[in-house]
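Biologist: Thanks for sitting down with me over this one. Could we walk through the fold together, one question at a time?

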Amino acid sequence: MSKLVVGMVGFGVVGSSVLKALLANKNIISARAGKEIEIKHIIVRDEVKAHSKLKEFNASVKVSTDVNDILQDEEIEVIVELMGGVEIAYEIAQKALKAKKAFVTANKAMLAYHRCDIAPLANGVPVGFEASVCGGIPIIRVLKEGLSANHILAIRGILNGTSNYILTQMQQYNQDFHAALTQAQNLGYAEADPTLDISGGDAGHKLLILASLAYGINALPEEILIEGIEGIMPDDIEFANEFGYVIKLLGIAKKQGNEVELRVHPSMIPKGAMLSKVDNVMNGISVIGDYVGESMYYGAGAGGDATASSVVSDLIAIARGESAAMLGFSQQLEGNEHLKLKSIDEIYSHYYIRLYVCDKPGVLGQVSQILGQHNISIGAFLQKETNDKNIAKMLLSTHHCYERDINAALLELERLDSISQKPYKMRIES
């Protein structure tokens, strides 16, 4: 049987799992690929540590620290990049494609910034990145192939397992944010520095990749709305429960006319929604196509084995000779099909607002008046005492309004002497 010879950069959790999968499932992978897939050479930071790992696998693989060793090896047909980071990984992608070597990556941060730079370089050379979004869920292939006959009307996804675990603990076990985060770190679900996960940044990177596949749109993380879960408090959970909602960190893409709305933020969604059932470290993605309707994809969003499964699936596709356009479009969209990014100010949504106010007559009237002046009407309202007898909490939802109006209203509310803390808002997705 012929071979597909692979060079790999990075031998951490995912890289180790890739090698393990190729060895453990060698027969079925070869049968499906039509070729034996062999990792010939791995580029690492620490050769001693890598050799120790290879002994555990009983694998004979070359190891070195210079990426040129695999880029210049004519026998190697595919470069698999699993090192992380942005600019160095992008350089490796460029060099691999210029050398006419196929390129496979799990690096969502690099793709968030450089996917549209890499696509033209590919020019028929396969580029695989199934592992970059939601680990074991084959959502890249779904958008590139399975739903390719559809205009994608909307994508809503729980794209980050760390944040989803924290929110599950807060809602089901009444933990506060910091306790839930500490538990996630102790269990290995959150990094020592969890900023990228809890700030929404990781989910934002993934959403941008999905948006390119669904809409052919090139946007950067700095150009879209990204908010995290750090500000969520038990009071917000209380309101959600009272009115039949669950809070999830969602990545949302919506096509409206010739514009695409892209945003990542905590959202209140109805308890009956399919995404509301996606708990703990699992991921879930709902996709609505104009012909297929809504379809739902659920599975492990991270972890070495789940991510390795997607990396190997890309290698199998390359071994079979599959080479679809990297971002799913063989030519540029034109005319009415060409979509642009919607301004953040133009987002139109229901909102939830949390206010801590001085417990005295007339405050609700002040709040209602300011909201009304900004074209915002109140939908639901909850007022309760706090431990401080002089402070009350007002929890309310609005009817549909624009992002620019809610932001202006909250800025004005914040200036009131009767408001004791900065107002907090969250969007409601029905």
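Modeller: Happy to! One term before we start: two strands pair if DSSP finds at least two bridges between them. Keep in mind, too, that this is a predicted model.

Biologist: Then let me use that term straight away. In S16, which residue is the bridge partner of Phe 381?

Modeller: Phe 381 belongs to a pair of strands, S15 (residues 378–385) and S16 (residues 391–398), that run antiparallel and are joined by seven bridges. A hairpin of five residues links S15 to S16. Across that pair, the S16 residue bridged to Phe 381 is Leu 396.

Biologist: Let's move to the open sheet of six strands. Which strands stand at its edges?

Modeller: The pairing in this sheet is parallel, and the strand order is S3-S2-S1-S4-S5-S6. A strand at the edge has a single partner strand, so one side of it is left without a neighbour in the sheet. Those at the edges are strand S3 (62–64) and strand S6 (127–128).

Biologist: Now for S1 in that sheet. How many bridges join S1 to S2, and which residue stands opposite Val 9?

Modeller: S1 spans residues 3–9, and six of its seven residues are buried. S1 and S2 (residues 36–43) run parallel, with seven bridges between them. In S2, the residue opposite Val 9 is Ile 43.

Biologist: And on S4, which residue stands opposite Gly 7?

Modeller: S1 is also joined to strand S4 (residues 78–81), in parallel, by four bridges. Opposite Gly 7 in S4 stands Ile 79.

Biologist: Carrying on from S4, what is the bridge partner of Val 80 in S5?

Modeller: S4 and S5 (residues 102–105) run parallel, and four bridges join them. Within S5, Val 80 is bridged to Val 104.

Biologist: How many disulfides does the count come to?

Modeller: A pair of cysteine sulfurs has to lie within 2.5 Å to count. For Cys 116 the closest cysteine sulfur is in Cys 134, and at 19 Å that is too far for a bond. As for their surroundings, Cys 116 is partly exposed at 24% relative accessibility, whereas Cys 134 is buried at 1%. The count of disulfides is therefore zero.

Biologist: On to the empty space. What is the volume of the largest cavity?

Modeller: The structure holds one cavity of 30 Å³ or more. Its lining includes Glu 223, Leu 262, Lys 342 and Ile 347, and by class the lining has six nonpolar, one polar and three charged residues. The volume of the largest cavity is about 40 Å³.

Biologist: And for the second largest pocket, which helix gives the largest share of the lining?

Modeller: The second largest pocket has about 500 Å³ of space. Two elements give two or more residues to its lining, helix H6 (108–122) and helix H11 (201–215). By class, the lining has 14 nonpolar, ten polar and no charged residues. The largest share, four residues, comes from H6.

Biologist: Which of the lining residues of that pocket lie nearest its centre?

Modeller: There are 24 residues in the lining of the second largest pocket. Nearest the centre of this pocket are Ala 119, Leu 327, Phe 329, Gln 331 and Gln 332.

Biologist: Is Glu 429 buried or exposed, and what does its side chain contact?

Modeller: Glu 429 sits in the segment after strand S18 (424–428). With a relative accessible area of 4%, under the 20% cut-off, Glu 429 is buried. A polar contact of 3.1 Å joins its side chain to that of Arg 156.

Biologist: At the start of helix H3, which backbone nitrogen does Asp 46 reach?

Modeller: H3 covers residues 47–57. After H3 comes Asn 58, with a positive phi near 55 degrees. At the start of H3, a side-chain oxygen of Asp 46 comes within 3.1 Å of the backbone nitrogen of Val 48.

Biologist: One last backbone angle, please: what is phi of Asn 174?

Modeller: Most residues other than glycine have a negative phi. Asn 174 lies in the loop between helix H8 (161–172) and helix H9 (177–186), and at 68% relative accessibility it is exposed. Its phi is positive, near 60 degrees.

Terms used. Residues are numbered from 1 along each chain as its sequence is written. This is a predicted model: local features need pLDDT of at least 70, side-chain atom pairs count only at pLDDT 80 or more; totals for chains, interfaces and linings use all residues. Side-chain values use heavy atoms; hydrogens and water are left out. Buried means under 20% relative accessible area, exposed over 50%, partly exposed in between (1.4 Å probe, protein chains only). On a 1 Å grid over the protein atoms alone, a cavity is a set of points where a 1.4 Å probe fits but cannot get out, and a pocket is an open set with protein on both sides within 12 Å along at least five of seven lines; lining residues have an atom within 4 Å of a point. Grid points are joined across faces, edges and corners, and a volume is the space filled by probe spheres set on the points. Ala, Val, Leu, Ile, Met, Phe, Trp, Tyr, Cys and Pro count as nonpolar, Asp, Glu, Lys and Arg as charged, and the others, Gly among them, as polar. A polar contact is a pair of N or O atoms within 3.5 Å; within protein, one must be able to donate a hydrogen and the other to accept it, and residues adjacent in sequence count only if both atoms are side-chain atoms.
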